[in-house]
Structure formats: structure tokens, C-alpha cells
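Got your viewer open and your mouse ready? Let's take a walk through this chain, one selection after another.

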Amino acid sequence: SSTVKLQVISDLFLQATCNDFIGTVLQGKTARTEMTSYIFQHSLVTKAKTQRMRIVLPEGVDWHVVVAASELLERDLCEIFILGEPEKVLSLAKSHNADVSRAVIIDPRVAPDVPEMAAALVALRKDKGMTELLATELLRTDPNWYATTMLYLGTVDGVVGGMEKPLPDTLRPALKIIKTAPGVDLVSSVSFMLLPDRVYCFGDCAINIEPTAEDLATIALSSAHSVAALGIQPRVAMISYATGSSNTGPIIDKVRKATAMAKAKDPTLLIEGPLQFDAAVHPEVAAIKCKGNVEVAGRATVCIFPDLNTGNTTYKAVRQATKCIVVGPITQGLRLPFNDLPTACTVKDVVNMVLVTCVQAQAARAKYPRGPLGPPDEPSVGGAPAETRI
């Protein structure tokens with residue numbers, strides 16, 4: 001009936017719009033514009049389509065990956081490379097009504113380009129003890145190493161994997177081969193929390209355990225760059241258990257110092273800290289605790305947590321309490337995109353991560369055209385050499 005149709009349309013409209021925005025407009029007040037979950041996901045698709053990237057998925061043994069690959073290919077969003085035995089990958093796809101016939105499926109155990117790839121690894125890491133025998137073994141037995149070497153040589157533009165391994169094992173090849181971008185001495189991560197009427201970026205919730213003030217400043221700057229690349233205005237809140245000058249202590253002082261350092265490195269960045277989480281994201285709380293500060297307080301789009309314990313706990317609490325979609329953790333700071341999939345991820349999670357990787361790859365390829373990368377300095381994680389930490 002017409003009544004039912006009108007109700008369906010009304011429900012869809014309310015789901016896809018920001019209720020705070022609509023209410024404010026109807027009251028004749030100045031509206032806050034927020035990135036919603038639907039707009040964010042639509043923008044990922046739109047951006048990915050502007051330049052089709054080549055993405056490799058190392059875990060062709062997982063049905064979530066195969067089904068996600070099928071969806072991405074059907075929608076013509078990117079080129080897909082899948083690592084695994086072709087017969088098993090195709091059989092897995094068939095059993096889930098997925099079509100990956102347009103994907104390039106490679107079995108590293110018998111791939112003919114392994115000798116060439118091994119030679120590239122030896123040339124890059126000979127002074128670190130890499131030999132032809134070791135390189136060949138890594139490439140034949142560890143899909144992550146094969147995928148990362150594809151990225152290093154320019155065969156693909158991004159890597160999305162990690163469901164089968166712990167994060168340190170997943171990232172190790174990228175830290176050794178791809179390494180950090182110029183001017184960035186820290187690899188970190190962000191997670192996009194897709195709430196119905198807005199999107200928050202949380203960092204670092206996956207990599208750096210006890211970041212220093214210098215590390216937090218770098219994470220803040222990298223996170224601001226990441227959200228801007230995905231169409232969100234970065235308004236960075238440096239989170240602590242106190243707001244402004246209301247308290248002191250080692251953690252608060254570290255956050256305060258990190259905020260000052262980030263401001264010094266980028267005076268144009270909208271960043272404030274220390275801020276409690278409620279003061280960072282809730283306008284009414286911010287009006288009480290942060291009088292006169294309206295650029296970030298109550299309007300934060302990026303929340304940087306003082307350590308991994310706080311960040312990871314908050315990210316998981318928000319995800320479970322709200323049942324929101326999470327895109328991440330997204331690795332930032334590397335020269336080319338290499339992203340880790342959560343262990344218990346869904347097909348939608350894989351699709352979203354690939355789309356983010358495509359957008360990252362588009363920006364990276366503007367700086368690094370397809371072809372072998374050069375050997376910059378070793379990256380670091382958490383202030384220590386990557387090889388000793390991960």
C-alpha cells in the first residue's frame with residue numbers, strides 16, 4: 001500500500017541521514033556537517049572507481065576472501081590477484097556461489113617468477129643476511145612474503161591479508177621490504193568507526209604499545225593525513241583522562257607534549273589535547289569543559305589514544321556496544337599500502353579494506369610509479385627498530 005511505501009522511504013531516509021543535522025536545520029540553527037556511514041562507504045566506491053588498482057589477497061584459502069574478491073570483480077572496482085592453489089580457490093568459490101574467473105590466481109609454491117623475486121630480495125637485504133636459498137624458501141612457503149615482494153616490484157599496488165596470522169607476522173615482510181615513507185619514522189594504524197550518523201577515526205589501536213610523546217605526535221599527523229585522503233575533515237583530539245589544565249600526571253603530560261609537537265610540525269592542523277573522550281565528541285559536554293574552544297572539542301573526527309591498551313579497549317568496546325561497521329586497522333606510514341585483516345572479519349570487512357587500500361594506492365602511486373622501490377632507512381615501530389619489535 002501507499003502507506004507502507006511511504007514508511008519504507010521514510011525509514012531509508014532516516015537511516016541514510018544524520019538526525020542531528022536534520023533536527024538542527026529544522027530549528028533554523030547553524031548545522032554541523034558530518035560524514036555518515038553511508039556517505040563514507042559510497043565515497044570509497046566512488047574513489048576506487050576513478051583509478052582501478054591491482055590488489056593482491058594472500059589468503060586464497062579463506063572463503064571470506066574469495067567471496068569478497070568475487071564481489072569486487074563483479075562491481076569492477078579493482079583488479080584482483082589471489083594467492084593459493086588455483087583448483088582449491090576455484091572450488092572454494094564455486095561452493096559459495098562466487099565467481100573469481102577474472103582474478104589472477106597464483107600458487108607461490110610453483111610460480112615461475114620466484115627466482116627473479118628471490119634475486120630482488122637478496123639485492124635489497126643482502127646486508128641483513130638474506131640469501132637466495134632463504135629468499136626462495138620465504139617466497140615459496142609464506143604467501144605474505146610473496147605478496148609483499150609483488151608490491152615491492154610493482155606487480156600490484158596494495159596488499160590485504162592477515163586473517164591467518166598474528167599482526168606482527170603479517171606486517172613483518174612489509175616493514176622489511178616496503179618500509180616507511182620519507183619523513184615518517186613510525187608505522188601506526190587507524191580504525192574507522194562507522195556509526196549510523198557519523199564516522200570517527202581511532203588511532204593507534206593495533207600496533208604501538210607504549211608510544212612516546214614524539215610517537216603520538218607522529219600518529220596524530222599520519223592519522224590526519226589518512227582521514228583527509230578519505231574525504232573527512234581532520235579535527236584531532238588527543239585523548240586522556242583529563243581535559244585541558246584540569247589535572248596533571250605522566251600520561252596527561254605526555255599527551256599535552258604530543259599535542260604541542262604536532263602543532264609545531266603542522267600549524268594548520270586542527271588539534272587539541274588533552275581531551276576526555278566525551279569532551280572530544282559531545283558538543284554539550286565540550287561547551288562545559290572547553291569554553292571558547294569550538295574547532296575540535298565536541299567536534300572531533302580523529303581520536304588519538306595515549307597507548308595501545310586504551311585505544312584497543314575503546315575500539316572494541318565501541319564496536320561491541322554499538323554494533324557499528326569498523327574499517328581497519330588500516331596501516332599508515334608505509335610507502336605503499338599493506339593492510340591487515342582482523343581475524344574474525346566478514347566479507348564486507350574484506351571489501352571495505354580492499355577499497356581503502358585502493359584509495360591509499362592511488363595516492364601512493366602518484367609518488368611511487370609502478371616498478372621496484374628503492375631502499376630507504378629501516379622503519380621503526382614504537383620507537384625501536386622494526387626488526388627487534390616485530
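Start by selecting lysine 257: with a relative accessibility of 44%, this residue counts as partly exposed. Keep in mind as you go that you're looking at a predicted model. Now add glutamate 214 to the selection, which is partly exposed too, at 35% relative accessibility. What do lysine 257 and glutamate 214 form together? They form a salt bridge, and their closest N and O atoms are 3.6 Å apart. Zoom out a little and color the helices: lysine 257 belongs to helix α11 (residues 250–265), while glutamate 214 belongs to helix α10 (residues 213–229). That makes this a link between distant parts of the chain, 43 residues apart. If you're wondering about the idea behind it, side chains of opposite charge can pair when their charged atoms come close.

**More charged pairs**

How many salt bridges are there? The count comes to 16, so there's plenty to click on.

Next, select glutamate 85 and arginine 109. Their closest N and O atoms are 3.2 Å apart, and the two form a salt bridge. Glutamate 85 sits in the loop between β2 (79–83) and α5 (86–95), and arginine 109 in the loop between β3 (104–106) and α6 (114–125), so this pair ties together parts that are 24 residues apart in sequence. Turn on the surface and you'll find glutamate 85 partly exposed, at 25% relative accessibility. Arginine 109 is partly exposed as well, with a value of 48%. Now add Lys88 and Asp107 to your selection: along with Glu85 and Arg109, they are linked in a network of salt bridges.

Move on to lysine 165 and aspartate 142. This salt bridge has its closest N and O atoms 2.7 Å apart. Lysine 165 is in the loop between β4 (158–161) and α9 (167–177), and aspartate 142 is in the loop between α7 (132–141) and α8 (143–153), so the pair joins parts that are 23 residues apart in sequence. Is aspartate 142 buried or exposed? Aspartate 142 counts as buried because its relative accessibility is 12%, and the cut-off for buried is under 20%. Its partner, lysine 165, is partly exposed at 29%.

**Unusual backbone spots**

Hide the side chains for a moment and look at the backbone. Select glycine 203 and aspartate 204: a cis peptide bond joins them, with omega at about -15 degrees. Aspartate 204 lies in the loop between β6 (198–203) and α10.

Now jump to glycine 273 and proline 274. Here, too, the peptide bond is cis, and omega is about 0 degrees. Proline 274 is part of strand β8 (residues 270–275).

Next stop, aspartate 76. Its phi is positive, near 55 degrees, and this residue is not a glycine. You'll find aspartate 76 in the loop between α4 (63–74) and β2, where it is partly exposed at 36%. Then click on asparagine 97, another non-glycine residue with a positive phi, about 55 degrees. Asparagine 97 is in the loop between α5 and β3, and its relative accessible area of 75% makes it exposed.

**Along helix α14**

Select residues 308–322, which make up helix α14. Try the distance tool on the end C-alpha atoms: they are 21 Å apart, which agrees with the 21 Å that 15 residues should span at 1.5 Å a residue.

Which residues of α14 are buried? They are Leu308, Gly311, Thr314, Tyr315, Val318 and Arg319. Look down the axis of the helix: those buried residues fall within an arc of 145 degrees, so they line one face. They pack against β5 (188–195), β6, β10 (325–332) and α15 (347–367). Flip to the other side of α14, and you'll meet the exposed Asn309, Gln320 and Ala321.

Check the two ends as well. At the start of α14, a side-chain oxygen of aspartate 307 comes to within 3.3 Å of the backbone nitrogen of asparagine 309. After the helix comes lysine 323, with a positive phi near 60 degrees.

**Last stop: cysteines**

Finish with cysteine 324, buried at 8% relative accessibility, and cysteine 345, buried at 4%. How many disulfides does a search of the whole structure find? The search finds 0.

Note on methods: Residues are numbered from 1 along each chain as its sequence is written. This is a predicted model: local features need pLDDT of at least 70, side-chain atom pairs count only at pLDDT 80 or more; totals for chains, interfaces and linings use all residues. Side-chain values use heavy atoms; hydrogens and water are left out. A disulfide is a pair of cysteine sulfur atoms within 2.5 Å. Buried means under 20% relative accessible area, exposed over 50%, partly exposed in between (1.4 Å probe, protein chains only). A salt bridge is a side-chain nitrogen of Lys or Arg within 4 Å of a carboxyl oxygen of Asp or Glu. Helices (H or I, at least four residues) and strands (E, at least two) are DSSP runs, numbered from the N terminus. The expected span of a helix is 1.5 Å times one less than its number of residues. The arc is that of the directions from the helix axis to the C-beta atoms. Contact means heavy atoms within 4.5 Å. A polar contact is a pair of N or O atoms within 3.5 Å; within protein, one must be able to donate a hydrogen and the other to accept it, and residues adjacent in sequence count only if both atoms are side-chain atoms.
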